[in-house]
Structures are given as C-alpha cells and as structure tokens.
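Here's a quick briefing to read alongside the coordinates. Have the viewer open and follow along topic by topic.

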Amino acid sequence: MVGYRWRCQACQAGNEPNLDKCAFCGCPANAGSEDIEKHINPDAFKKKKAKEEYSKSLFIYFFIPFFAANHALNGRYESLVIILAIVAFISVKNINLLIHIWNDRWARMTLITIASVFMISILYRRVFMLDDSPHVWLLALSYLVLSPLSYYYFFKSENGERVFGDYYSKYKK
Ligand SMILES: [Zn+2]
C-alpha cells in the first residue's frame with residue numbers, strides 16, 4: 001500500500017493509494033528502472049536481456065585460446081585441463097548458440113580472427129619478447145583497446161546485430 005495517489009512510471013496512469021501495482025500495466029509503484037523498462041515494452045526488454053546473455057556467453061570465446069596458450073607455455077597443465085573442462089561444460093550448455101555462430105560465415109570468421117589475434121599476441125609475447133622489454137607494457141595496453149573494439153565489432157556492428165537477430169528469432173521467441 002502506497003498511501004497516496006500515485007502515477008505509474010511506466011504508463012503514466014493515475015493509481016489509487018491502496019494499490020501497490022499499477023491497475024493498468026502491473027508495474028510496481030516502487031519500480032526500479034529495469035521494472036519500468038519491462039512494463040513499457042516487454043518485448044524490447046526481453047530482447048535486450050537475451051542480447052546481454054548472448055554477448056556474455058560468446059565473449060569468453062575471444063580469450064579461450066589466449067588463456068590456453070598462456071597456460072600451456074607456462075607448463076601449468078593442471079589449470080589448462082581445468083580451463084578446457086570448464087569451456088567444454090559451458091559449450092555443451094550453449095551448443096545451439098555455438099552451432100548458430102559456426103553456421104554463419106561472418107560470425108565464424110570474425111570469432112576465429114579475434115581469438116587468433118589474442119592467441120598469437122600472447123605466443124609472440126612469450127616466445128619473442130623479453131620480460132623487461134618496454135613492449136610488454138605496450139602489448140598490455142593494446143589489450144585495453146583491442147578488447148572493447150572486438151566486442152563492439154562482434155556484437156554491435158550491423159553484422160553483429162544481424163547474427164544476434166537471427167539467433168533470437170530462431171531460439172528465443
Ligand atoms: Zn502502469
């Protein structure tokens with residue numbers, strides 16, 4: 001119970017003091033911004049959440065070869081096995097998503113390219129660079145640029161949105 005007449009933040013309808021959910025759209029009186037978004041446009045909200053989930057699930061694959069190569073070069077085979085086991089587990093869970101990515105030529109090539117760039121950079125770093133070389137820092141800095149850039153390209157570019165849109169209408173609707 002709110003105790004005073006209140007205006008719904010999602011649909012702007014006036015509501016009686018004894019209601020704690022909007023009589024017209026069901027949005028709670030004390031709704032947070034996510035709640036409001038959900039009630040204004042449920043479909044758009046659902047799609048936005050699915051896109052977040054999608055990006056999170058795929059982003060790790062950018063770095064799997066990078067970490068695997070690094071652990072292998074360090075001779076840390078136990079942690080390498082653990083990483084690969086976790087990856088296998090996650091991949092089985094997301095198998096439809098991975099098949100979808102694999103079947104799209106752009107998505108497949110882009111993901112392979114991004115993951116290869118990160119992996120080759122760590123191989124180069126470990127094999128050719130001395131630990132006290134100033135280029136080590138330059139390389140570390142370049143990851144700060146490369147990570148968001150590849151994220152943007154893979155998920156937000158026109159092709160990135162298209163691949164997600166196809167996936168969403170195929171599996172999530
Ligand atoms: Zn409302």
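This predicted model splits into domain 1, covering 1-40, and domain 2, covering 43-172. Measure between their centres over C-alpha atoms and you get 41 Å. The chain as a whole has seven helices and two strands, and reading from the N terminus the order is β-β-α-α-α-α-α-α-α.

**Overall shape**
- The radius of gyration comes out at 23 Å, while a compact globule of 173 residues would be near 16 Å.
- Along the principal axes, the C-alpha atoms fill a box of roughly 70 × 40 × 35 Å.
- Just 10% of the 173 residues count as buried.
- Among contacts with a separation of 6 or more, 42% link residues 24 or more positions apart.

**The largest nonpolar core**
- Eleven residues build the largest nonpolar core: Tyr54, Leu58, Ile101, Ala107, Leu111, Ile114, Phe118, Phe154, Val163, Phe164 and Tyr167.
- Three helices each put at least two residues into this core, namely α2 (42-74), α5 (105-128) and α7 (158-172).
- Helix α5 gives the largest share, with four residues.
- Core member Phe118 also touches Phe62, Phe63, Pro65 and Phe66, leaving out residues up to four places away in sequence.

**Helix α3**
- Helix α3 takes in residues 77-93, 17 in total, and stretches 24 Å from its first C-alpha to its last, close to the 24 Å expected at 1.5 Å a residue.
- The number of buried residues in α3 is zero, so the helix lies largely in the open.

**Cys27**
- You'll find Cys27 in the loop between β2 and α1 (33-40).
- Is Cys27 buried or exposed? Cys27 is buried, because it has 21 C-beta neighbours inside 10 Å and the cut-off is 20 or more.
- Setting aside neighbours within four places in sequence, the contacts of Cys27 are Cys8, Gln9, Ala10, Cys11, Lys21, Cys22, Asp35, Ile36 and His39.
- For a sense of distance, Cys27 and Ser142 sit 115 residues apart in sequence and 45 Å apart in space, C-alpha to C-alpha.

**Gln12**
- Gln12 is worth a look in the backbone torsions: its phi is positive, about 70°, although it is not a glycine.
- Where is Gln12? Gln12 is in the loop between β1 (6-7) and β2 (14-15).
- Gln12 counts as exposed because 11 other C-beta atoms lie within 10 Å, and the limit for exposed is 12 or fewer.

Key. Residues are numbered from 1 along each chain as its sequence is written. This is a predicted model: local features need pLDDT of at least 70, side-chain atom pairs count only at pLDDT 80 or more; totals for chains, interfaces and linings use all residues. Domain bounds come from an automatic or database domain assignment. The expected span of a helix is 1.5 Å times one less than its number of residues. A nonpolar core is a set of buried Ala, Val, Leu, Ile, Met, Phe, Trp, Tyr and Cys residues joined through C-beta atoms within 7 Å. Two residues are in contact if their C-beta atoms, placed from the backbone, lie within 7 Å. The radius of gyration is taken over C-alpha atoms; the globule rule is 2.2 Å times the number of residues to the power 0.38.
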